[in-house]
Amino acid sequence: MDEPTLPASLLFGTATAAYQVEGGVHEGGRGPSIWDTYCRTPGRVARGETGDVACDHYHRYGEDVALLADLGVDLYRFSVAWPRVQPTGRGRPNQEGLAFYDRLVDTILGAGIEPVLTLYHWDLPQALEDEGGWRVRDTAYRFAEYSRIVADRLGDRVNRWITLNEPFCSAFVGHAVGRHAPGSQEGRPALAAAHHLLLAHGMATGELRAAAAGEVGITLNPDHLLPATESDADRAAVERARTLHNRVWFDPIFTGAYPDNEDEVWGGMADGSYRAEGDLKIIGQPLDFLGVNYYRPIMLRDAPHAEADPALRTAVDVRTEKVDIEGVRHTTMGWPVIPGTFADLLIDLNRRYPDLPPILITENGSAEDDQPDEDGRVRDTERIEYLRDHMAALARAIEAGVDVRGYFVWSLLDNFEWAFGYDRRFGLVRVDYDRLERHPKDSYHWYRDFLTSHRARRVSEFAAKWEE
């Protein structure tokens, strides 16, 4: 199969997140996060596993950056652990925690790679959760303070900043589904969490601008939603779900308004009691880029409320039911692999929101049943096909006019996959969790070869323009 052809100017990278790889949760003055608490709650995480050690990136970051350098990426996206910088989420910063990120950023830059920093990848300090967490407005102010601390320390070396990663998961998977920390199943408080996350993003954007920290964006995970049938009921179900999954984030940031169908989707639950005058202006500040994470489409059909009593409904009970997409391959996450929907989503977003800033694909990848052979080699051909086919879909979206500037594979390393523990592997590099050894998979070598070819084409095109 031919390799996808993408613009020579497109930047490539890979990504990780602090709680999933760092470990060292009791070292360097780090405080507990909501994920430390969640992992210690019986029945929450498969096999009772935790991120206490994870990939031990806290001690082995030099080895991991060497893998990035050998891979030949332009960019490396990582996240800062808020409780490592502010153990209780407020007050004076922990200098030992900041020093770790000093060393990490300097090592990344020393390898000729540009760091892309995510300020929040779900690890809220537990002390703030004890005070209400994202359900309360004060947490947005605390996040703004934390953002300024990190910007003041690293802003001289980091040029691209992401405020939040996938606030949908923080607000709804964490506060309504209950499958992520803090593990609650709520209605209005989950909608309040969504709003306060947006407010935190806006406030942090202001702090980053004031600190002259460089380019600022947010990473969202919009879903490409398909109706199970072409019936009016199923199409209406998709529109309700589109508000839950996409519009609640995109509309305030990029149109300066809240979704116009909130009452239809949530009824009196969306009463706006958690909003204040001027919030939209803070939330809707112009951005330099939009991060988009994408893995799979979702098919839905109309359904009655899962909970008959409105007082007991959660914020994700919007009269829809997920339908399995048959006849296609599924990853070990149970996600259907339909690469063309990646292009469809990007083209649709470009149509719905014509004022979007340039896009970075901040996550795309697949969890596969990675079994090493007798020689220790992982022949993950399905992951290679997934990446190749999604890059081809990305090329189609770019040809259709979507302004995409970068693409990150999730993930560099196998890591702690949240409630699934350690048995879902997304990495280009296999991690032996007993010995913490790193073993590049076939997909790592494929991506390295692709990047070598892409870089050569970039140089060739630059040379041709120079001669002109």
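Here is a short walk through a predicted model, stop by stop, with something to select at each one.

**Stop 1: the binding-site residues**

Start by selecting Q20, H121, N165, Y295, W410, E417 and W418, which carry the feature "binding site" in an unreviewed UniProt entry. Keep them on screen while you look at the largest pocket: its lining includes Q20, H121, N165, Y295, W410, E417 and W418.

Now zoom in on Q20, which you'll find in helix α1, residues 18-21. Is Q20 buried or exposed? Q20 counts as buried because its relative accessible area is 1%, under the 20% cut-off. Show what surrounds Q20 and, leaving aside neighbours within four places in sequence, you'll see contacts with A54, C55, H121, W410, N415, F416, E417 and W418.

Hop over to Y295 next. Y295 sits in the loop between β7 (289-293) and β8 (298-302), and Y295 is buried too, with a relative accessible area of 11%. Residues up to four places away in sequence aside, Y295 touches W335, E363, N364, G365, Y386, H390, W410 and F426. Notice W410, which appears in the contacts of Q20 and in those of Y295.

**Stop 2: a buried lysine**

Select K441 and colour the loop between β13 (437-440) and α15 (442-467), which is where K441 lies. How much relative accessible area does K441 have? The value is 0%, so K441 is buried. Bring up what K441 touches, not counting residues up to four places away in sequence: D370, V378, D380, R383, D414, R425, G427, L428, V429 and R430.

**Stop 3: the nonpolar cores**

A bit of background first: in soluble globular proteins, nonpolar side chains tend to be buried together. Here, the largest nonpolar core has 138 residues, and the ones touching the most other members are F172, W266 and Y447. Helix α9 gives this core its largest share, 12 residues.

Pick Y447 to get a feel for the packing. Outside its neighbours within four places in sequence, Y447 is in contact with F12, G13, L71, V73, M391, Y407, V409 and L428. You've met L428 already, among the residues that K441 touches.

There is also a second, separate core of six residues; L75, I162, F289 and L360 are among them.

**Stop 4: the largest cavity**

Next, go hunting for empty space. Rolling a probe the size of a water molecule over the atoms shows where empty space is left. How many cavities of 30 Å³ or more does a search of the whole structure find? It turns up five, and the largest holds about 80 Å³ of space.

To see the walls of that largest cavity, select L191, A194, H195, L198, V248, P252, Y258, E262, W266, A270, Y274 and R275. Nine of these lining residues are nonpolar, one is polar and two are charged. Colour α9 (188-210), α10 (232-254) and α11 (262-266), the elements that each give two or more residues to the lining. Helix α9 provides the largest share, four residues. W266 belongs to this lining, and you saw W266 in the largest nonpolar core as well.

**Stop 5: L287**

Finish at L287, in the loop between α12 (279-283) and β7. L287 is buried, with a relative accessible area of 13%. Draw a line from the C-alpha atom of L287 to that of T163: the two residues are 124 residues apart along the chain, and the separation is 11 Å. Then show what L287 touches, leaving out residues up to four places away in sequence: H201, T205, R209, V216, G217, I218, I253, F254 and P357.

How values were computed
Residues are numbered from 1 along each chain as its sequence is written. This is a predicted model: local features need pLDDT of at least 70, side-chain atom pairs count only at pLDDT 80 or more; totals for chains, interfaces and linings use all residues. Side-chain values use heavy atoms; hydrogens and water are left out. On a 1 Å grid over the protein atoms alone, a cavity is a set of points where a 1.4 Å probe fits but cannot get out, and a pocket is an open set with protein on both sides within 12 Å along at least five of seven lines; lining residues have an atom within 4 Å of a point. Grid points are joined across faces, edges and corners, and a volume is the space filled by probe spheres set on the points. Ala, Val, Leu, Ile, Met, Phe, Trp, Tyr, Cys and Pro count as nonpolar, Asp, Glu, Lys and Arg as charged, and the others, Gly among them, as polar. A nonpolar core is a set of buried Ala, Val, Leu, Ile, Met, Phe, Trp, Tyr and Cys residues joined through side-chain atoms within 4.5 Å. Buried means under 20% relative accessible area, exposed over 50%, partly exposed in between (1.4 Å probe, protein chains only). Contact means heavy atoms within 4.5 Å. UniProt positions are given in the numbering used here, feature names are shortened, and annotations may be inferred rather than shown by experiment.
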